[in-house]
Amino acid sequence: MASVVYKVGDDVSTDAIYPGRFMATVLPSETPQFCFADDKAFNAALQQKTFAPGSVVVGGQNFGCGSSREQAASTLKGYGLVIVARGFARIFLQNSCNLGLRTVICPTVEAEVGDQLEFTPAAVRNVTKGREFPIVPLPPARQAIIDAGGLIAYTRTRLVAERRA
């Protein structure tokens, strides 16, 4: 099970996730420190490693809208967060796949901070509330890239497999 550690509404921009003033920092090992930097309490909790990898951020529609900065996805991945949203901005979703950030599209999700969630291939189950919400599965190719840990890891795995064949 995974705990919901943060909840946001609709139209959360990449600037809220990873503020533009930190764009000089682009290394995936350094970007996490700026995750939701303008929410001092949540950012501090992340930096203090208060939350276990696999903890969940719940969002509304159009999560990750705005600029195409991939740092927004890398900063979330740096803490091992899972993002469950009613919908994602197209570019953010592609950046998330490329970087191996686990994203779950769940158009009817209802969850609050502290709720416990379970994931199945077809649904998000809110154990705390005793409710289940269907997901929109990603295309198999995108899911394979996420499962591999990102596009680079996926490509390396495929190349090794092809060389063995």
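Trainee: In which sense do β2 and β3 pair, and over how many bridges?
Mentor: This is a predicted model. In it, strand β2 (residues 56-59) pairs with β3 in the parallel sense, over four bridges.

Trainee: Which residue of β3 is the bridge partner of Val 56?
Mentor: Val 82 is the partner of Val 56.

Trainee: And how does the chain get from β2 to β3?
Mentor: The chain goes through helix α3 (residues 71-77), and this β-α-β crossover is right-handed.

Trainee: What about the faces of β3, covered or not covered?
Mentor: Both faces of β3 (residues 82-85) are covered. Val 82 and Val 84 are buried on one side, and Ile 83 and Ala 85 are buried on the other. In a regular strand, side chains alternate between the two faces of the sheet.

Trainee: Which residue in β4 does Val 84 stand opposite?
Mentor: Val 84 stands opposite Val 104. The two strands, β3 and β4 (residues 103-105), pair in the parallel sense over three bridges.

Trainee: Which helix does the chain pass through from β3 to β4?
Mentor: Helix α4 (residues 90-99). This β-α-β crossover is right-handed.

Trainee: Which residues of α4 are buried?
Mentor: Phe 92, Leu 93, Asn 95, Ser 96 and Cys 97. The elements covering the buried residues of α4 include α1 (14-17), α3, β4, α5 (140-148) and α6 (151-164).

Trainee: What follows α4?
Mentor: Gly 100, with a positive phi near 80°.

Trainee: Switching to empty space. How many cavities of 30 Å³ or more are there?
Mentor: The structure holds one. The largest cavity has a volume of about 30 Å³.

Trainee: What lines the largest cavity?
Mentor: The lining consists of Thr 14, Gly 64, Ser 67, Ser 68, Arg 69, Glu 70, Ala 72, Ala 73, Ile 91, Phe 92 and Asn 95. The elements giving two or more residues to this lining are α3 and α4. The most comes from α4, with three residues.

Trainee: How do the residues of that lining divide by type?
Mentor: Four are nonpolar, five polar and two charged.

Trainee: Thr 14 is on that list. Where does Thr 14 lie, and is Thr 14 buried or exposed?
Mentor: Thr 14 lies in helix α1. Thr 14 counts as buried because its relative accessibility is 2%, and buried means under 20%.

Trainee: What is Thr 14 in contact with?
Mentor: Leaving aside neighbours within four places in sequence, Thr 14 is in contact with Pro 19, Gly 64, Cys 65, Gly 66, Ser 67, Arg 69, Ala 72 and Phe 92. Phe 92 is also one of the buried residues of α4.

Trainee: Now pockets. What volume has the largest pocket?
Mentor: About 250 Å³. There are 15 lining residues, and the closest to the centre of the pocket are Arg 102, Thr 120, Pro 121, Ile 135 and Gln 143.

Trainee: Which elements supply at least two residues of that lining?
Mentor: β4, β6 (123-126) and α5 each do. The most comes from β4, with three residues.

Trainee: And how do the residues lining the largest pocket divide?
Mentor: Eleven are nonpolar, three polar and one charged.

Note on methods:
Residues numbered from 1 in each chain as written. Predicted model: local features only at pLDDT ≥ 70, side-chain atom pairs only at ≥ 80, totals over all residues. Heavy atoms only, no water. Buried < 20%, exposed > 50% of the residue type's maximum accessible area, 1.4 Å probe, protein only. Pairing = 2+ DSSP bridges. Right-handed = clockwise from strand over helix to strand, strands pointing away. Contact = heavy atoms within 4.5 Å. 1 Å grid on protein atoms, 1.4 Å probe; cavity = no way out; pocket = protein on both sides within 12 Å on 5 of 7 lines; lining within 4 Å. Points joined across faces, edges and corners; volume = space filled by probe spheres on them. Nonpolar A, V, L, I, M, F, W, Y, C, P; charged D, E, K, R; others polar.
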